[in-house]
Amino acid sequence: MLKKKMLKALNDQINAEMFSSYLYLSMESYFQSISLSGFAAWMRAQVQEELMHGMKFYGFVNERGGKVTLEAIAKPESAWDSPLAAFLAIQKHEEHVTDLINNLVDLAISEKDHATNNFLQWFVSEQVEEEASVAEVVEKLKLIQDNPSGLFMMDAELGKRVFTMPATPAT
Ligand code: FEO
């Protein structure tokens, strides 16, 4: 059974993951609006990944006998000055999410909730991966700057990303 404080923190994280999904959906729309369909496809995969993260938390709370309580999702930004500006915003957001996950781990440890700590370790690794993949795009966009052919090549590369649902998405 989840303790009250842990349950509240996990419910908050469901909201944070849903917000991430909403933010990236807004970015997908931004990239569609500037005709960068490969960037938009990358974002769509990111949207699905964040939904999967939220559902993992949802499944875990249920499995531990907790009650999921959904709150309103905040309004995301809807425009960015450039693809680089958008990816810098993603980078900042993912660093924030990493902080949230680390705080959850700290709480699980202080509450002696080993099961939640064990569950969270998947997210600790996931955040390393997420930050690395975003950093790679940021660095490439910095190299490209305003070079249109570089941007089109990058669009083609990012468009290859496909989201694959893990075998056990619920937990
Ligand atoms: Fe759910 Fe991008 O962290």
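E49 forms a salt bridge with R161, and the closest N and O atoms of the two are 3.2 Å apart. I start there since the pair links distant parts of the chain: E49 sits in helix α2, R161 in the segment after α5, and 112 residues separate them. Before going on, please note that this is a predicted model.

How exposed are the two partners? E49 is buried, at a relative accessible area of 15%. R161, at 21% relative accessibility, counts as partly exposed. The cut-off for buried is under 20%, so E49 falls below it with its 15%, while R161 does not with its 21%.

Now to the other salt bridges. The count comes to seven. One of them joins the side chains of K8 and D12, with 2.9 Å from N to O. These two are four residues apart in helix α1, so about one helical turn separates them. D12 is partly exposed, with a relative accessible area of 39%.

A similar case is found in helix α4. There the side chains of K140 and E136 meet in a salt bridge, at 3.2 Å from N to O. K140 and E136 are also four residues apart, and therefore about one helical turn apart in α4. Both are partly exposed: K140 has a relative accessible area of 27%, and E136 has 45%. E157 comes in as well, as E136, K140 and E157 are linked in a network of salt bridges.

Next, the acidic residues without a partner. Which side chain of opposite charge is nearest to E126? It is R161, 6.9 Å away; E126 is buried and has no salt bridge. The limit for a salt bridge is 4 Å between a side-chain nitrogen and a carboxyl oxygen. E126 lies in helix α4. Setting aside residues up to four places away in sequence, E126 touches E49 and H53. E49 is the residue I began with, the one bridged to R161.

E94, in helix α3, is another such case. E94 is buried, has no salt bridge, and again has R161 as the nearest side chain of opposite charge, this time 8.7 Å away. What does the side chain of E94 make a polar contact with? The side chain of Y24, at 2.6 Å. Beyond its neighbours within four places in sequence, E94 is in contact with Y24, Q46, E50, Q127, E130 and E131. For anyone assigning protonation states, those are the contacts of E94 in this model.

On to the nonpolar part. In soluble globular proteins, nonpolar side chains tend to be buried together. Here the largest nonpolar core has 23 residues, and the ones with the most contacts inside it are M27, F31, F39, M43, F87 and I90. Helices α1, α2, α3, α4 and α5 each supply at least two residues of this core. The largest share, six residues, comes from α1.

Take F87 as a sample of the packing. Leaving out residues up to four places away in sequence, F87 touches F31, F39, W42, M43, V134, V137, V138, L141 and L158. Apart from this core lies another, of 20 residues, among them L2, V61, V97 and V105.

A word on helix geometry. What span should helix α3 have, and what does the model give? Its 28 residues, 83-110, should span 40 Å at 1.5 Å a residue; the end C-alpha atoms are 41 Å apart, which agrees.

Last, the backbone. Most residues other than glycine have a negative phi. Which residue takes a positive phi just after α3? That is K112, at about 55°. K112 is found in the loop between α3 and α4, where α4 runs over 114-144. K112 is exposed, with a relative accessible area of 66%.

Q145 also has a positive phi, of about 50°, although it is not a glycine. Q145 is placed in the loop between α4 and α5, with α5 covering 148-158. At 63% relative accessibility, Q145 counts as exposed.

To return to the start: R161 is bridged to E49, and R161 is also the nearest side chain of opposite charge to E126 and to E94.

Conventions. Residues are numbered from 1 along each chain as its sequence is written. This is a predicted model: local features need pLDDT of at least 70, side-chain atom pairs count only at pLDDT 80 or more; totals for chains, interfaces and linings use all residues. Side-chain values use heavy atoms; hydrogens and water are left out. The expected span of a helix is 1.5 Å times one less than its number of residues. Buried means under 20% relative accessible area, exposed over 50%, partly exposed in between (1.4 Å probe, protein chains only). Lys and Arg count as positive and Asp and Glu as negative; His and the chain ends are not counted. Contact means heavy atoms within 4.5 Å. A nonpolar core is a set of buried Ala, Val, Leu, Ile, Met, Phe, Trp, Tyr and Cys residues joined through side-chain atoms within 4.5 Å. A polar contact is a pair of N or O atoms within 3.5 Å; within protein, one must be able to donate a hydrogen and the other to accept it, and residues adjacent in sequence count only if both atoms are side-chain atoms.
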